[in-house]
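Here are a few exercises to work through with the model open on your screen. Try each task before you read the solution below it.

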Amino acid sequence: MDATLHRHILDTELVPPRERFGMWLDMLADSPAPLRVRTEHADDFVARAEFIELGAMRLVRYRYPSLDCVRTRKLIQRSDPDYYLLALTLTGSSAAGQEGQQSHCRPGDFTFYDCSRPHEVSHHGDDHGREPASSIVAFIPYDALPLSHGRLAALFAGRMPGSVGIGALLADYLIQLTGHPDQYHATDADRLAGIGLDLVSTMLGRHLVSEDAVPTEVRRRALLAQVRAHIRQHLGDAGLTPQTVADAHHVSVRSLHRLFEAEETTVAAYIRDQRLERCRRDLTDPLLRDQPIHAIASRWGFRDKAHFSRAFRAAYQQTPQAYRTGHLEQARIVNAAASAVNAQRTY
């Protein structure tokens, strides 16, 4: 079985309370952009950081008590500063400042810094301490973005919403990837990084109010990711067609087909394959063993039972019923064997 994306976790609750804040400071000292940190919770700093190395990009999902951070010129001189930092606030409220620019972010907002320049960041949970602050941070090398450093300066310490358009797609990508790295293969890390960097570049380019700031190929891949996400969200709609997908993205059907030319598939084939994959997954789920096959097919957009059966057999070389029976029986045997081993250990 292919290895999944590796996630390294730092959890301060694994050490005594008096050592927790020091553990956190040691972690920050080893990061691409060390910070000077102040907190009111230094005596018992309950925090967690989850790291994923994704090709050229490092993702970190943080949860911590309230923090006030400063990146000084002295710290910059001690580290390799050629990184941008893109932060998505998940909970709490944050404020950022860099070179005279200021922003205040609520959950769902992005902000963006240049790690080679001094900046300040504050991130606080709720006033009553019931919910800690949390965020997702992407460390991005300068040369990983196709946008000039000079043009990006206009966005430093700015606020960008992650609830609409490309921002929403990027936020969903970061939340899904850092929340469920076990669902992705390690061999896909570079490709996943490419998707993320395309979305970051497109979002930043949009906030520069210039489509021309984003290279054509980057815009193409970002639109493709947006189209794919739309298709996956609407698989249960039997009326999902290339025309409705094109209309939802304000492009012509011809342009949509051109978008898929480099993917060695068509729009219709992608819709069909995604629906079949969802059906295949549900057919092997023991919790759905009593669900009629036609109900599963209908849930994922196949209204014609005969058409679904033909398409499934062409894709998996078995009828839906035979595929379900074989995989559920295999799962039963594996579970029975595991139960027998556990019983012997107990005995």
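**Exercise 1. The ends of a helix**

Which residue caps the N-terminal end of H11? Keep in mind that you are looking at a predicted model.

Solution. Start at the N-terminal end of H11, where the cap is Asp304. One of its side-chain oxygens lies 2.9 Å from the backbone nitrogen of Ala306. Then go to the other side of the helix: H11 is followed by Gln317, whose phi is positive, near 60 degrees.

**Exercise 2. Length and sides of H11**

Work out whether the span of H11 fits its number of residues, then sort its buried and exposed residues.

Solution. Step one is the arithmetic. H11 covers residues 305-316, which is 12 residues, and at 1.5 Å a residue it should span 16 Å. The C-alpha atoms at its ends are 16 Å apart, so expectation and model agree.

Step two is burial, where the cut-off is under 20% relative accessible area. In H11, Phe308, Ala311 and Phe312 are buried. These three cover an arc of only 100 degrees around the axis, which means they sit on the same side of H11.

Step three is the face turned away from that buried side. There you'll find the exposed residues Arg310, Arg313 and Ala314.

**Exercise 3. Now do H1**

Which residues of helix H1 are buried, and which exposed residues does the face turned away from them carry?

Solution. Helix H1 runs over residues 17-29, and its buried residues are Arg20, Phe21, Trp24, Met27 and Leu28. Looking down the axis of H1, you see them fall within an arc of 120 degrees, so they line one face of the helix. Turn to the face away from that buried side and you meet Arg18, Asp26 and Ala29, which are exposed.

**Exercise 4. Put the sheet together**

In what order do the 5 strands of the open sheet come, and which strands stand at its edges?

Solution. Reading across, the order is E2-E5-E10-E7-E8, with antiparallel pairing. Strand E2 (36-38) and strand E8 (101-105) stand at the edges. Each of these two has a single partner strand, so one side of each is left without a neighbour in the sheet. On average, neighbouring strands here are turned by 10 degrees against each other, direction ignored.

Next, check the pairings one at a time:

- E5 (residues 67-71) is joined to E10 by 5 bridges, and Val70 has Glu120 in E10 as its bridge partner.
- E7 pairs with E10 in the antiparallel sense, also over 5 bridges; here the bridge partner of Ala95 is Ser122 in E10.
- E7 (residues 93-98) also pairs with E8, antiparallel and over 5 bridges, and Ser94 stands opposite Cys105 in E8.

Finally, look at the two faces of E10, residues 119-124. His119, Val121 and His123 make up the covered face, while Glu120, Ser122 and His124 make up the uncovered one.

**Exercise 5. Chase the salt bridges**

How many salt bridges are there, and which parts of the chain does the Arg48 pair tie together?

Solution. The count comes to 13 salt bridges. In one of them, the side chain of Arg48 meets that of Asp11, at 3.4 Å from N to O. Arg48 lies in strand E3 (residues 48-54) and Asp11 in strand E1 (residues 7-11), so this pair ties together parts that are 37 residues apart in sequence. Asp11 has a relative accessible area of 14%, so it counts as buried.

Now take Glu263 and Arg228, whose side chains meet in a salt bridge of 3.1 Å, N to O. Glu263 sits in the loop between helix H8 (253-261) and helix H9 (267-283), and Arg228 sits in helix H6 (residues 216-233), so the parts tied together are 35 residues apart in sequence. Glu263 is partly exposed at 24% relative accessibility, and Arg228 is partly exposed too, with a relative accessible area of 24%.

To find a network, follow shared partners: salt bridges of this kind join Arg7, Asp11, Arg48 and Glu50 into one.

**Exercise 6. One more pair**

Are the salt-bridge partners Arg117 and Asp114 buried or exposed?

Solution. First locate the contact: the closest N and O atoms of Arg117 and Asp114 are 2.8 Å apart. Then check burial: Arg117 is buried, and so is Asp114.

How values were computed. Residues are numbered from 1 along each chain as its sequence is written. This is a predicted model: local features need pLDDT of at least 70, side-chain atom pairs count only at pLDDT 80 or more; totals for chains, interfaces and linings use all residues. Side-chain values use heavy atoms; hydrogens and water are left out. Helices (H or I, at least four residues) and strands (E, at least two) are DSSP runs, numbered from the N terminus. The expected span of a helix is 1.5 Å times one less than its number of residues. Buried means under 20% relative accessible area, exposed over 50%, partly exposed in between (1.4 Å probe, protein chains only). The arc is that of the directions from the helix axis to the C-beta atoms. A polar contact is a pair of N or O atoms within 3.5 Å; within protein, one must be able to donate a hydrogen and the other to accept it, and residues adjacent in sequence count only if both atoms are side-chain atoms. Two strands pair if DSSP finds at least two bridges between them. Axes are lines fitted to C-alpha atoms, for helices over the stretch in contact, and angles run from 0 to 180 degrees between N-to-C directions. A salt bridge is a side-chain nitrogen of Lys or Arg within 4 Å of a carboxyl oxygen of Asp or Glu.
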